[in-house]
Amino acid sequence: MATRQVIGIDLGTTNSAVAVWREGKPQLIANTAGSLLTPSVVGLDDEGHLIIGQAAHHRLSTHPHLTQASFKRYMGTEATLSLGSHLFRAEELSAILLRQLKQDAENALGEEISDAVITVPAYFNDVQRRAVKTAGKLAGLNVLRLLNEPTAASLAFGLLENREQKYLTFDLGGGTFDVSIIDMFDGVVEVRASSGDVQLGGDDFSEAICQWMLNKYPALKDALPAVKPALLAQAENLKRGLSHHVEDSAELLWQGETWRWTLDEKQLSECCQTLITRLQQPVIQALHDARFSLKDLDHVLLVGGATRMPLVRQAVARLFGRFPRHDLHPDEAVALGAGVQAGMVMKDAAVEDIILTDVMPFSLGMETVKESYGQLEEGFFLPLIERNTWLPVSRSKTVQTVSDNQTHVLLKVYQGEGRRVKDNVYLGEMRIDVPLRKAGDVSLDVRFTYTLDGLLEVECQHDKSLIPSRLVIEKVPGQMSAEQIEASLHKLNELKQHPRDRQENQALLVRGGRLYQFLLGEERAWIDNVIHAFELALNSQDERRIADVRQKVVEALARFDEVTPQ
Amino acid sequence: MSHWQILDIEPTQDEALIRRAYSRLLKTHRPDSDPEGYQRLREAFEQAKNCAVDAALEAETRDEDETAGAEFSSVVSALQMDEWLATTDVSQANGDLSNYAFTLTPLYTREELARLAKLLIDEEMQGIKSLRGLYQRVCSEGNLLQQQQFHNDLAAVLAEQPELTDGLLQRISDELGWGLDDYNVHLLSERMQQALGWQVRNTEREQAWKKLTNESVNGSFMPRTAVTLLLSDRTEMPFWARLVPGLVTQMSQRVNALYAAFPELLERINPAMLEFMGSERITLSWRGIFLMVFWLVMFHFLLPGALVTSVTGWVGMGLVLFYLYFSDMIMCGLQRRPRMLEAFLTMECLFSALLLCLLCFSGLFIIINDLPGKWPGGMPYVFLLIIEFMIFWSVWPRNVVGMRRPGIAMSQLISTPWRLMQRLDYAPISWPLTAVFSVFLYKLLILILKIPSQLSPYW
C-alpha cells in the first residue's frame with residue numbers, strides 16, 4: 001500500500017516509543033535526548049512554551065500546575081486538563097506528544113513521515129479509539145491502523161518464537177490493563193479473546209502507596225492537595241525500589257519538617273490487595289470467551305512496566321499455577337510490535353507470511369423494547385455482534401415494530417455488555433420511516449458491519465422497501481467535531497514549541513542542576529561554573545557558541561554518569 | 001457451500017488438519033484485502049472446529065458419566081490440579097521466584113459453604129460479611145481454577161436453600177461480580193444459573209401460597225370464606241355459596257391471580273371448585289339483588305298507583321326475572337340438547353325483538369300523537385323521548401352473534417340502572433343520579449303504559 005516509511009508508535013500512559021521496520025526486524029528509534037522511551041508528559045514553561053518528554057517529567061513535582069501526565073486515561077471523555085491558564089482536551093495533549101515523536105523520528109530517519117500505526121489498549125471502546133485517531137490527525141499523522149497493545153506485544157514475541165503455541169498476554173501498563181489470548185499457528189497470529197480494565201495500572205499502585213503514606217501520618221492530609229505531587233513522586237520511588245529490594249524507605253521534606261516512611265513487601269501487598277483482586281476478573285472473562293482452560297495455555301507473557309513488581313509477578317504465578325515469561329522488555333515490547341505492524345502495512349517481504357487477526361472486545365447492539373406483563377418496556381440491549389468476534393465481521397438480526405401505525409423506528413446503537421442500554425456506551429442512531437401497519441407487521445433487517453479500521457456501518461431495511469438505509473457512524477458523543485478539530489489545530493500551531501535544540505538544552509540544564517544538588521565541595525563549584533557558562537551561551541542566542549558550550553557540558557556530565565541518580 | 005467445502009477438506013475431527021486448511025487459505029483471503037472472503041473462511045473455520053469439538057466432547061462425557069456426578073467438590077478440584085501440576089514442567093524457575101511454592105490446599109469445605117449459605121438466608125448482613133471474607137481469601141490464595149470452582153460451588157449450595165430470594169441473589173451477585181443481569185454470564189455455568197433461578201421461583205411460589213392460606217385464617221368474611229372453600233375437601237360446590245353475592249367472583253379472582261403467576265399451584269386447590277369456576281354458572285350477585293328490588297319497587301309500588309293494573313305489574317316482574325335469570329338457566333340446562341336449545345333461542349329472539357319494537361313504536365306514537373297538540377308545553381316529552389333513544393342506543397349490543405342481539409338488548413335494558421351506577425363507579429354521587437334517572441324511567445313507563453288506553457277508542 002504505502003511505499004513511504006511508516007512508523008509504529010506506542011502511545012503509553014507513562015512512556016511512549018517509536019519503532020520502524022528495518023533490515024528484517026523492528027527497531028526502536030531514539031529521541032533527540034538519546035533515549036528510546038519518551039515520558040508521556042507535556043508541560044509549559046514560564047514563558048508559555050511547550051515542554052515535552054523527560055524535561056517535562058522533571059517538572060512534574062516542581063510545577064504541577066503547569067505539567068500534565070497520564071492524560072491517556074482521559075481520552076474519549078470531555079474532560080479538560082489545564083496547563084497554567086490554558087485548557088486542553090486529552091486528544092490535544094496526545095497530539096502535542098505525537099507531534100514531538102513524529103519530529104524525533106523524522107530527525108533520526110532523515111525523511112518525512114506522515115503515516116503511522118498507533119497502539120491502543122485492547123479494551124478501549126469506540127469513543128476512545130476515535131479520540132486516538134483524532135489526536136493523530138491533529139499531529140499531522142495519517143493513522144493507517146490502530147493496533148491493540150497486547151496484540152502488538154504478541155507480534156513482537158511471535159517473531160522471537162515462531163512456533164505453534166497458545167498464550168495469554170498480561171499487559172499491565174501505567175494506566176490500563178489488557179488481557180489477550182493468542183493462538184499462533186502456521187504464521188497466523190489469531191487473537192481469540194480480549195478483555196481488560198482501562199482504569200487499572202501502575203499509577204493505581206502508586207496511588208495506593210500514597211494513601212498508605214497519608215494514613216501513616218494523618219497530619220499530612222491537611223496539606224493536600226499541595227503536597228500530593230511530591231508525595232506521589234515518593235510513592236513512585238518506593239514502588240520501584242521494592243522491585244529491587246525487600247524493603248525501601250522514602251523521606252519527604254515539606255514545610256520545614258521531614259517525614260519518613262519504610263515500606264516492606266508485606267505492607268505493600270496489604271495496601272494493594274484490592275488492585276490485585278481486580279486483576280483476576282478480566283483474565284477469567286477472557287479465558288471463558290476464548291473457550292480455553294488453563295491447561296490449554298502454553299505460557300503467560302508479561303508486558304508493561306508495572307509487571308516488574310514482584311507483587312504482580314507473584315499474583316500471576318499463583319493465578320495460573322506457573323511462572324510467567326517476560327522474554328520481552330516490558331517497556332519496549334509494544335513499540336516493537338507496532339514496528340512489526342508498520343512493516344506489515346508496508347508489505348515488507350520479510351513479514352508477508354504473518355497474518356494477524358484481531359477481535360472486537362465489546363458487544364455491539366441496539367436498543368429494543370420488551371414486553372412484560374402486557375406492558376412495553378424500553379431500554380433493553382439486543383447484541384448483534386457479540387464480544388470477541390473476529391474482525392472484520394458482519395451480522396444481522398430481524399426486529400419488528402412494536403405499536404400499531406408506527407411511523408418510524410429509531411435505531412439506537414450501543415456498545416457494551418449490560419442488559420440495559422443505560423449501562424452501555426451510546427454510539428449513534430438512525431431513523432427509518434416505516435409504512436403504517438399493525439404492530440409486528442413490519443419487520444426490519446438490521447445489519448451491523450464492523451471493519452478492521454474500527455468503523456461501524458449499520459444497514460437497515462424493512463421488508464416493504466427495496467432500498468436499505470445506511471448509516472456509517474462517523475461521529476459519536478465525546479468525539480471532537482470537525483469545527484473543534486479546526487480550532488484545536490489553530491491553538492496547537494499557535495503555541496510556540498521550544499525549538500528542539502532548546503529542549504535538548506533544557507534537559508541538559510536540568511541534569512546539571514540535579515548533579516549540583518548531589519555533589520559537594522569542589523566538584524559542586526566546578527559544575528556550577530559549567531552550568532553558568534552554558535546559560536550565558538544560551539542567552540547570547542549565538543548558535544555556534546551554544547553548540548560549543550553544549551559539547552563541553554555533555555562531557556562534563558558524562559564524567560559523573562556512574563554516580564548521578566537518573 | 002458447506003463449511004467443509006469452503007475449507008477444501010474432508011469432514012474430520014482432527015483440529016490440526018482444520019487449522020492447516022484455514023491457514024493455507026488465509027494467505028489468499030486476508031482480512032485487510034478481502035474482508036468478505038475472509039469472513040466466509042472464518043465462519044467455515046469456526047463451524048468446522050465446533051463440529052470437531054462437539055464430537056470430542058460427546059466421547060468425553062460418555063466416559064465421565066460414570067464418575068461421581070457431584071458438580072461440587074473443592075477437594076476433587078484440588079486433586080485435579082495436583083495431577084496437572086505434576087505433569088507440567090515447573091522447572092522454568094526464575095531466579096527471584098525459585099522460592100515460590102505451589103501449595104494447593106483446599107480452601108474451604110462443603111460444610112463451611114453450607115453454613116455460609118444458611119447464614120446468608122437467615123441473617124443477610126452477617127452472611128455478606130462472611131462471604132466477603134471467604135471470597136477475599138479464595139482470591140488471594142487460590143489460582144484461577146479454584147476461584148471458578150468457588151463461584152460454582154457457592155451457587156450450587158445456594159440453589160439447595162429453600163428460602164432463596166431474588167433480592168439476596170442480586171446482592172450476592174453484586175458482591176462477587178456474577179453479573180446475573182448481564183447478557184453473558186460467564187462466571188457460572190448455565191446449569192447453575194438455571195438451578196438458582198428455579199430455586200428463587202420456588203421461594204416466591206411458596207410465599208404466594210402462604211399468603212393465600214393466611215387469608216383463610218385472618219382477613220374479613222368474604223376472602224376467608226372464599227379461600228376456605230378453595231382449600232377444602234368438598235366434592236362439589238355447596239348451593240349456599242351461590243347465594244352469597246360476590247363470593248364466587250372473589251374465588252375466581254384469586255384463582256386467576258395464582259394461575260397467572262404460578263400455574264402449578266392450581267394443583268393444590270380443590271378440583272371441584274376449579275371445575276365449578278371454569279364452567280358456566282349462575283350465582284346471585286349484588287347486581288341481581290339490586291335490579292330485582294328496583295323493578296319490584298317500580299312495578300308493585302310506584303306504578304300501580306297510576307292507573308296500572310296489578311297484572312301489568314306481575315307481567316313486568318316476570319319479564320325482569322326471565323331476562324335476569326331464567327333465560328340463562330334454561331340455556332344452561334339445554335346445553336345437552338342442541339336442537340331444543342336452538343328452538344328456544346329462536347323463540348327468545350323473536351319475543352325480544354317484538355318487545356323492543358313495541359317499546360320503540362310506543363315512543364314514536366307518543367311523539368306523533370301528543371306532541372303537536374301540546375307544543376311548546378310538550379318539552380318534557382321531547383326530553384323523555386331523547387332519553388329513550390339514548391337508552392336504546394346504549395343497549396344495542398355489538399360484537400355479538402345476530403340471533404342473540406335482541407335478547408341481550410332486552411337484558412341490558414333491564415339492567416340499565418345498575419349499569420349507570422357501575423359507570424359512575426358506585427360513587428356517592430351515583431345514588432341521587434340513579435334516583436333522578438328512575439324518575440324519568442317512571443314517567444316514561446307511565447306514558448307507554450297509557451298508550452293502550454289511548455288506543456282503545458280506535459277499536
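**Exercise 1.** In this predicted model, the side chains of Glu236(A) and Lys239(A) meet in a salt bridge. Determine how the two residues are placed in helix H6 of chain A, and whether Lys239(A) is buried or exposed.

*Solution.* The N to O distance of the pair is 3.8 Å, and a salt bridge requires a side-chain nitrogen of Lys or Arg within 4 Å of a carboxyl oxygen of Asp or Glu. Both residues belong to helix H6 (residues 228–241); because they are three residues apart, about one helical turn separates them. Lys239(A) has a relative accessible area of 9%. Buried means under 20%, so Lys239(A) is buried.

**Exercise 2.** Locate Arg205(B) and Glu264(B), which form a salt bridge, and identify the network to which they belong.

*Solution.* The closest N and O atoms of this pair are 2.9 Å apart. Arg205(B) lies in helix H9 (residues 190–215) of chain B, and Glu264(B) in the loop between helices H12 (247–261) and H13 (271–278), so the salt bridge ties together parts 59 residues apart in sequence. Salt bridges with shared partners join both residues with Arg201(B), Glu206(B) and Arg268(B) in one network. Arg205(B) is buried at 16% relative accessible area, whereas Glu264(B), at 25%, is partly exposed.

**Exercise 3.** Establish which strands stand at the edges of the open sheet E21-E20-E24-E25 of chain A.

*Solution.* The four strands pair in the antiparallel sense, in the order given. Strands E21 (375–385) and E25 (425–433) each have a single partner strand, so they stand at the edges. Strand E20 (residues 364–372) pairs with E21(A) over eight bridges; within this pairing, Glu371(A) has Leu376(A) as its bridge partner.

Terms used:
Residues numbered from 1 in each chain as written. Chains lettered and ligands numbered in written order. Predicted model: local features only at pLDDT ≥ 70, side-chain atom pairs only at ≥ 80, totals over all residues. Heavy atoms only, no water. Pairing = 2+ DSSP bridges. Buried < 20%, exposed > 50% of the residue type's maximum accessible area, 1.4 Å probe, protein only.
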